[in-house]
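Colleague: I am new to reading protein models, and I would like to learn how one goes from coordinates to features. Could we look at one together, slowly?

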Amino acid sequence: MCDELTAEDNDRLLASDALTRRRFGVMAGAAGLAALLSSPADAKEVAGRDVTIDTPDGKADAYFVAPTGGKHPGVLVWPDIMGLRPAFRQMADRLAQSGYAVLTVNQFYRSTKAPIFSPGESFDQPAVRERMGPWRAKLTPDAVVSDGKAFTAFLDAQPQVDTKRGLGSTGYCMGGPMVLRTAAAVSNRVQAGASFHGAALVTDAPDSPHLLAPRLKGSYLFAIAENDDQRSPTDKDKLREAFAAAKVPAEIEVYAGAMHGWCPPDSRVYNQAQAEKAWARLLALFEKAL
C-alpha cells in the first residue's frame, strides 16, 4: 500500500528493536547496493544503456541491459513508487547476469524524467506524496495498458531478445497491477509475471487487476508483505480464487516479517533474507515459464 499508512508502519518498525543491522542492510550509494546484490555463480557478462521509447503519450526514459552475447527472454520491470533509480538498475543488471534482456522503465515519464526524487527525498514524506499526486493520477489503467504495449514492442525489437520465447514482467508496489494489466493486454507475449509487495491488486472496482486472471497466459508469482496481508487479509484468498478459477498457475505467499517495500535494496525496510527468497522464486518462475 503506497500511502501514509505504509510510512507509519515503516516508522514503527525502524523505531523498534526488531530492525537489526542485518535486516536493514546497506542503504548508502552504489557500493552498498553492489555489496547487497551478489551476482549469480555463473554470471553472464552484460551491457546496459539508457534508452528512450516512443509511446502514444510521449517519450519514456528507461534502462535496458542484456548479456553481451546471444538472444535471451525479455523482461519488463515496473519499479515501485520511488521509480527508476540506482537500486533498480542494480536489480536489472543482476537479472541480466542470469540470462535475461531486461527493460526497467520510468513509469512517471509523462510528468518527469528519472530519477524522480532528489537526494534525501522519500515517498514517506508528506510533501513528496502531495507532489506525486498528479503524476500518479496520469497512470490510469488505459495509460498502463498503452505503455505496456509500447514497452513490450520495444523489447521485441531488440536484437538481444529471443522473440521465440515468452516475455516476463515484474512489478514492485504500484508495479504489481501494471504487470497484470500488461500481461492481459499482450497475453500472446507475456508468459510469466511476478508481483512483489504489490499494491491494490484486489479492489472492488470492475476493472480490478485480479479480475484479469482469465485473460492471462503462463504462470505468476505474488510475494505479499506481512503488513499488507494484515491490513487486507482476504486479498490473498481472492487472488487464489481468481487464478484457480481461470486455471492460471500462481504461487501466492505472505512473506513472514517482510514489510511493504522489503525487496529493493535501498528500501528503509529492506529484508535481505526475504528479498533473496523472493529473488530465488522469481528465477525459478522464469526458468520454468520462459
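Modeller: We will take a few kinds of feature in turn, with the general idea before the case. This is a predicted model, in which local features need pLDDT of at least 70 and side-chain atom pairs count only at pLDDT 80 or more, while totals for chains, interfaces and linings use all residues. Residues are numbered from 1 along each chain as its sequence is written, and side-chain values use heavy atoms, with hydrogens and water left out.

Colleague: Let us begin with one residue: where is Ser195 found, and is Ser195 buried or exposed?

Modeller: Helices (H or I, at least four residues) and strands (E, at least two) are DSSP runs, numbered from the N terminus. Ser195 belongs to strand E6, which covers residues 190-196. Buried means under 20% relative accessible area, exposed means over 50%, and partly exposed is in between, with a 1.4 Å probe and protein chains only. Ser195 has 2% relative accessibility and therefore counts as buried. Contact means heavy atoms within 4.5 Å, and, when neighbours within four places in sequence are set aside, Ser195 is in contact with Gly171, Gly176, Leu201, Leu221, Phe222 and Ala223.

Colleague: How do I read a salt bridge, and how many salt bridges does a search of the whole structure find?

Modeller: Side chains of opposite charge can pair when their charged atoms come close. The rule used here asks for a side-chain nitrogen of Lys or Arg within 4 Å of a carboxyl oxygen of Asp or Glu, and the search of the whole structure finds 14 salt bridges. One of them joins the side chains of Asp57 and Arg110, at 2.9 Å from N to O. Asp57 lies in the loop between strand E1 (46-55) and strand E2 (58-67), and Arg110 in the loop between strand E4 (101-105) and helix H5 (126-137), so this pair ties together parts that are 53 residues apart in sequence. Asp57 is partly exposed, at 46% relative accessibility, whereas Arg110 is buried, at 18%. Asp57 and Arg110 are also linked with Asp147 in a network of salt bridges.

Colleague: Which residue forms a salt bridge with Asp80?

Modeller: Asp80 pairs with Arg85, and their closest N and O atoms are 2.8 Å apart. Asp80 is buried, with a relative accessible area of 7%, and Arg85 is buried at 9%. A further salt bridge is formed by the side chains of Glu253 and Lys277, at 2.5 Å from N to O. This pair links distant parts of the chain, with Glu253 in strand E8 (residues 250-255) and Lys277 in helix H10 (residues 272-289), 24 residues apart. Glu253 is partly exposed at 26%, and Lys277 is partly exposed at 31%.

Colleague: What about rings, and how many aromatic pairs are found?

Modeller: Rings of Phe, Tyr and Trp (its six-membered ring) pair if their centres lie within 6.5 Å, and planes under 30 degrees apart count as stacked, over 60 as edge-to-face and the rest as tilted. The whole structure has nine aromatic pairs. In one of them, the ring centres of Trp78 and Phe151 are 5.6 Å apart and the planes stand at 55°, so the pair is tilted. Trp78 lies in strand E3 (residues 74-78) and Phe151 in helix H6, so the pair ties together parts that are 73 residues apart in sequence. Trp78 is buried at 1% relative accessibility, and Phe151 is buried at 0%. Phe88, Tyr172 and Phe196 form one aromatic cluster.

Colleague: Lastly, how should I read empty space, and how many cavities of 30 Å³ or more are counted?

Modeller: On a 1 Å grid over the protein atoms alone, a cavity is a set of points where a 1.4 Å probe fits but cannot get out, a pocket is an open set with protein on both sides within 12 Å along at least five of seven lines, and lining residues have an atom within 4 Å of a point. Grid points are joined across faces, edges and corners, and a volume is the space filled by probe spheres set on the points. The count comes to three cavities of 30 Å³ or more, and the largest cavity holds about 140 Å³. Its lining has 14 residues, of which Gly198, Leu201, Ile224, Asp228 and Asp235 are the closest to its centre.
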